[in-house]
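Thanks, everyone. Let me put the model up, and then we'll walk through one hairpin and one glutamate.

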Amino acid sequence: MSGVELTELADVWDDSTGSPLTLFESDDPESQTGSYVIQPGERVPEEGWTAHAGDEISVILDGSVELVTPDGEYSVEAGTLSVIPAGVEHYSVNRGDEPCRLVYTAVGGL
């Protein structure tokens, strides 16, 4: 066995709705990869801001979100890679008409 892990994303989107679904975790370096579906009108987190101990890297596969930081707003659409540096406060809002499906990796801890 090679240790390679494969996840069919089509099989996990239902479990990724409402909260992120962890698909992989590592202790060295501390990291986590997961899938997330943000529904139309949904804000993540629901209130306030979030920030992480490590960099957050996301690939938007379908739909779009507005990524909001204290320094500005960014439209993030399908086919986009976003990198939020460690410690940057942010939240996301799906202002579109379709779910936003993304895969994220947090390197250095959530």
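Start with a pair of residues: T69 has G72 in β6 as its bridge partner. Further along, L67 is bridged to Y74, also in β6.

Some ground rules. This is a predicted model, so local features need pLDDT of at least 70, side-chain atom pairs count only at pLDDT 80 or more, and totals for chains, interfaces and linings use all residues. Residues are numbered from 1 along each chain as its sequence is written, and side-chain values use heavy atoms, with hydrogens and water left out.

Back to the strands. β5 covers residues 64-69 and pairs with β6 in the antiparallel sense, over 6 bridges. The two form a hairpin, with 2 residues between them. Strands here are DSSP runs of E, at least two residues, numbered from the N terminus. Pairing takes at least two DSSP bridges.

Now the wider sheet. It is open, with 4 strands in the order β3-β8-β5-β6, paired antiparallel. β3 (43-44) and β6 (72-77) are the edge strands, each pairing on one side only.

Next, E66. It sits in β5. What is the nearest side chain of opposite charge to E66? That is R95, 4.2 Å away, and E66 is buried with no salt bridge. Buried means under 20% relative accessible area, with a 1.4 Å probe and protein chains only. A salt bridge needs a Lys or Arg side-chain nitrogen within 4 Å of an Asp or Glu carboxyl oxygen.

E66 does have a polar contact: its side chain joins that of S75 at 2.8 Å. The cut-off there is a donor-acceptor pair of N or O atoms within 3.5 Å.

Definitions and conventions: Buried means under 20% relative accessible area, exposed over 50%, partly exposed in between (1.4 Å probe, protein chains only). Lys and Arg count as positive and Asp and Glu as negative; His and the chain ends are not counted.
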